[in-house]
Amino acid sequence: MIATLSLPGSNGYGVSVTLTNRRKLKVTTFPEREQILAHLFELVSTEYRLDAPQPRGSNGIQASVGRFGRIDLRFVPETKVERPAAPLGCKGDKETIQVGWFVGLVAFRGERGYTRVRSKKAFGTMTNAPSPNKNCAKETGRKPQERSPPQRTRAALITMARRAAKPGAHLLALGATATAGNRTVGFGAVRLSASRKGKEFAIDTFLGTARRDRGRIQEQGTAFALLVRGPYFRVPDLTRMTSEAALAPPKPFRGDATYRRESADQVSWAGDLRVDLPGFGVVPLAGPTFKTAMCLDSGCRPKK
């Protein structure tokens with residue numbers, strides 16, 4: 001069972017609520033639909049995840065979101081539709097989608113009031129999916145897991161790099177992480193480059209995250225800029241691509257940072273690169289506290 005609903009919040013945000021298997025609750029704040037469509041490849045959002053077991057037989061959502069608010073809703077269906085639940089080309093049971101209204105109360109206030117919502121009614125859906133058909137899964141292969149836009153973009157970049165058989169094609173990846181107290185900050189960049197008629201062109205993707213443990217609630221802010229063209233991820237020496245790089249990502253990021261590998265065991269990641277994440281405020285993405293690595297593939301990880 002998956003229950004979903006969304007509401008407009010203040011200050012140009014939307015707020016969505018998802019309850020999975022009557023237990024896993026996720027509240028997400030994101031730019032309103034108009035902003036998402038205008039900036040499809042540039043997005044900032046924050047998620048709040050927690051366990052919220054529901055009473056047996058419940059047809060709604062009841063949960064305390066700690067200091068951020070509470071939810072006490074029951075679902076009133078209006079229409080019901082069915083669609084195949086099995087992957088394309090397989091036979092299997094159908095899933096049922098009920099469309100209707102959640103009534104009661106949903107109240108949410110983001111950190112420092114960056115957005116607020118309080119409503120007694122919200123439009124949403126209740127989806128009941130059957131258990132996976134094992135025979136069908138065996139025939140069609142492993143069922144793909146849900147992936148975020150940055151993950152899908154990274155996979156696309158890897159596929160593009162593999163198809164680019166020319167020696168001048170490269171996939172360069174940088175990863176940086178820093179942990180302080182209950183907060184972990186991460187930054188990742190991928191640069192796909194190739195030479196054409198003696199000139200190099202590149203496509204860049206950037207991802208910034210901040211996570212913190214709020215007791216029962218796991219909070220994560222995410223910002224990304226996908227598939228951007230321009231001098232955002234520059235490599236001064238193409239013969240030593242992993243030795244130095246200068247990054248100045250576009251919006252929603254600000255500032256810039258420089259990576260230098262002084263030796264096999266010593267690297268520097270310095271600059272004023274940062275991002276403003278809802279609930280977290282301005283988060284630095286570079287500095288001496290970050291563990292950073294850069295390599296000619298997508299799998300390198302910062303050294304501990």
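Mentor: Rings of Phe, Tyr and Trp (its six-membered ring) pair if their centres lie within 6.5 Å, and such a pair counts as stacked with planes under 30 degrees apart, as edge-to-face over 60 and otherwise as tilted. This is a predicted model, in which local features need pLDDT of at least 70 and side-chain atom pairs count only at pLDDT 80 or more, while totals for chains, interfaces and linings use all residues. Residues are numbered from 1 along each chain as its sequence is written, and side-chain values use heavy atoms, with hydrogens and water left out.

Trainee: How many aromatic pairs does a search of the whole structure find?

Mentor: The test to apply is the distance between ring centres, as just defined. When the whole structure is searched, the number of aromatic pairs comes to 10.

Trainee: How many residues apart in sequence are the parts tied together by the pair of Tyr48 and Phe108?

Mentor: The ring centres of Tyr48 and Phe108 are 5.3 Å apart and the planes stand at 65°, so this pair is edge-to-face. Tyr48 belongs to strand 4 (residues 42-51) and Phe108 to strand 7, so the pair ties together parts of the chain whose separation in sequence is 60 residues. Strands (E, at least two residues) and helices (H or I, at least four) are DSSP runs numbered from the N terminus; in these terms the two ring-bearing elements are strand 4 and strand 7, and the answer is 60 residues.

Trainee: Are Tyr48 and Phe108 buried or exposed?

Mentor: Buried means under 20% relative accessible area, exposed means over 50%, and partly exposed lies in between (1.4 Å probe, protein chains only). Under that scheme Tyr48 and Phe108 both count as buried.

Trainee: Which kind of pair do the rings of Phe187 and Trp269 form?

Mentor: The decision rests on the centres and the planes, by the rule for ring pairs. The centres of the Phe187 and Trp269 rings are 5.9 Å apart and the planes are at 25°, so the pair is stacked.

Trainee: Which residues do ring pairs link into a cluster?

Mentor: Phe187 is buried at a relative accessible area of 4%, and Trp269 is buried at 4% as well. Ring pairs join both of them into a cluster, whose members are Phe187, Phe206, Phe253 and Trp269.

Trainee: Which residue in strand 18 stands opposite Phe253?

Mentor: Two strands pair if DSSP finds at least two bridges between them; here strands 15, 18 and 19 form an open antiparallel sheet in the order 15-18-19. Strand 15 and strand 19 (281-284) are at the edges with a single partner strand each, so one side of each is left without a neighbour in the sheet. Strand 15 pairs with strand 18 in the antiparallel sense over 2 bridges. Opposite Phe253, in strand 18, stands Val275.

Trainee: With which residue does Arg254 form a salt bridge?

Mentor: A salt bridge is a side-chain nitrogen of Lys or Arg within 4 Å of a carboxyl oxygen of Asp or Glu. Arg254 is partly exposed, with a relative accessible area of 38%. The closest N and O atoms of its salt bridge are 3.8 Å apart, and the partner is Asp276.

Trainee: Over the face of which residue does Arg212 lie?

Mentor: The side chains of Arg212 and Glu219 meet in a salt bridge at 2.8 Å, N to O, and both residues are buried. Arg212 and Glu219 also take part in a network of salt bridges with Arg67, Glu111 and Arg214. A charge sits over a ring if NZ of Lys or CZ of Arg is within 6 Å of the ring centre and within 35 degrees of the ring normal. Arg212, at 4.2 Å from the ring centre, lies over the face of Phe280.

Trainee: Which residue does a cis peptide bond join to Lys251?

Mentor: Most residues other than glycine have a negative phi, and most peptide bonds are trans. In this model a cis bond, with omega about 10°, follows Lys251 and joins it to a residue found in the loop between strand 14 and strand 15. That residue is Pro252.

Trainee: Where does Asn21 lie?

Mentor: Asn21 has a positive phi, near 55°, although it is a residue other than glycine. Its relative accessible area is 57%, so Asn21 counts as exposed. The place of Asn21 is the loop between strand 2 (13-20) and strand 3 (24-31).
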